[in-house]
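Student: Can you walk me through this chain? Keep it quick.

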Amino acid sequence: EVDVLVSAWRRERPDLDVTPLAVLSRVSRLARRLDLARGEAFAEQELEGWEFDVLSALRRAGSPYELSPGQLVSETLVTSGTMTNRVDRLARRGFVERRPSDTDRRGVIVALTPLGLGTVDAAMAELLTQEHGILEGLTPTERQTLADLLRRLLHPLEN
């Protein structure tokens, strides 16, 4: 489909260099497919994407799987008000708990519960199954090359 789109633009606007379409239209389509795969993976655990994002930030922190709300804000790139709401909702579902900070009397720590840990681990395993399926047409070397090229492309945009 992208080849047809690019060919049509080349025909209709030969004065324009449409080569970015050949790459970025595919990246856009791939992003949509990845969003669908994420949705399927998280649905197995009855999770929303934002829930997975918070739970996975805690899981990646390593044992004892806890972070301050400020650290969670930094990890997930949302506002502190949004994070408070998200932690409240995750706590109601039994995925996280709030505890007083050992280092700051006024501070709070958000920690994964055993239910949260099991849920995020299962969701991650399913997500990786979905993502391996997306990449199955590439050899390991091609996957590494693609990862390297995307890193190079994204680096100046993320800094």
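Tutor: What follows is a short tour, from the overall fold down to single residues. Keep in mind that this is a predicted model.

Student: Fine. How many helices and strands does the chain have?

Tutor: There are 7 helices and 3 strands.

Student: And in what order do the elements run from the N terminus?

Tutor: The order is α-α-α-β-α-α-β-β-α-α. So the chain opens with three helices and ends with two.

Student: What about overall shape? What radius of gyration does the chain have, against that of a compact globule?

Tutor: The chain has 20 Å. A compact globule of 159 residues would be near 15 Å.

Student: And what does the C-alpha trace span along its principal axes?

Tutor: About 65 × 30 × 25 Å.

Student: How much of the chain is buried?

Tutor: Buried residues are 25% of the 159. The accessible surface is about 11,000 Å². Carbon and sulfur atoms hold 54% of that surface.

Student: What share of the contacts is long-range in sequence, 24 or more positions apart?

Tutor: It is 46%, counted among contacts with a separation of 6 or more.

Student: Charges next. How many positive and negative side chains are there?

Tutor: The chain carries 21 positive and 25 negative side chains. The centres of the two sets are 4 Å apart.

Student: Let's pick a helix. How far does α2 reach from its first C-alpha to its last?

Tutor: Helix α2 covers residues 19-43, which is 25 residues, and reaches 37 Å. That is close to the 36 Å expected at 1.5 Å a residue.

Student: Which residues of α2 are buried?

Tutor: Ser25, Ala37, Ala41 and Phe42.

Student: What covers the buried residues of α2?

Tutor: The cover includes α1 (2-12), α3 (49-60) and α6 (114-135).

Student: Is there a general reason that spacing matters in a helix?

Tutor: Yes. An α-helix makes a turn every 3.6 residues, so residues three or four places apart point the same way.

Student: Back to Ser25. Why does Ser25 count as buried?

Tutor: Because its relative accessible area is 16%, and the cut-off for buried is under 20%.

Student: What is Ser25 in contact with, beyond its close sequence neighbours?

Tutor: Val2, Leu5 and Pro20, once neighbours within four places are set aside.

Student: And the N-terminal end. Where is Glu1, and is Glu1 buried or exposed?

Tutor: Glu1 sits in the segment before α1. Glu1 is exposed, at 72% relative accessibility. The C-alpha atoms of Glu1 and Arg26 are 9.3 Å apart, with their positions 25 residues apart along the chain.

Student: Now backbone oddities. Which peptide bond is cis, from Ser63 to what?

Tutor: The bond from Ser63 to Pro64, with omega near 15°. Pro64 is in the loop between α3 and β1 (66-67).

Student: What is phi of Tyr65?

Tutor: Phi of Tyr65 is near 60°, a positive value in a residue other than glycine. Tyr65 belongs to the loop between α3 and β1. Tyr65 is buried, with a relative accessible area of 19%.

Student: What about Leu77, and where is Leu77 placed?

Tutor: Leu77 is in the loop between α4 (69-76) and α5 (80-92). Leu77 also has a positive phi, about 60°, without being a glycine.

Student: Is Leu77 buried or exposed?

Tutor: Exposed, because its relative accessibility is 76% and exposed means over 50%.

Student: Switch to α3. How buried is Ala57?

Tutor: Ala57 is in helix α3, and its relative accessible area is 1%.

Student: Which residues does Ala57 touch?

Tutor: Leaving out residues up to four places away, Ala57 touches Leu67, Leu72, Glu75 and Thr76.

Student: And how far in space is Ala57 from Leu112?

Tutor: Their C-alpha atoms are 10.0 Å apart, while the sequence separation is 55 residues.

Student: Last one. Where is Arg151?

Tutor: Arg151 is in helix α7 (residues 140-158). Arg151 is exposed, with a relative accessible area of 52%. Arg151 and Leu58 are 93 residues apart in sequence and 24 Å apart, C-alpha to C-alpha.

Note on methods
Residues are numbered from 1 along each chain as its sequence is written. This is a predicted model: local features need pLDDT of at least 70, side-chain atom pairs count only at pLDDT 80 or more; totals for chains, interfaces and linings use all residues. Side-chain values use heavy atoms; hydrogens and water are left out. Helices (H or I, at least four residues) and strands (E, at least two) are DSSP runs, numbered from the N terminus. The radius of gyration is taken over C-alpha atoms; the globule rule is 2.2 Å times the number of residues to the power 0.38. Buried means under 20% relative accessible area, exposed over 50%, partly exposed in between (1.4 Å probe, protein chains only). Contact means heavy atoms within 4.5 Å. Accessible areas come from the Shrake-Rupley method with a 1.4 Å probe; for residues, only the protein chains shown count as cover. Lys and Arg count as positive and Asp and Glu as negative; His and the chain ends are not counted. The place of a charge is taken as NZ of Lys, CZ of Arg, CG of Asp or CD of Glu. The expected span of a helix is 1.5 Å times one less than its number of residues.
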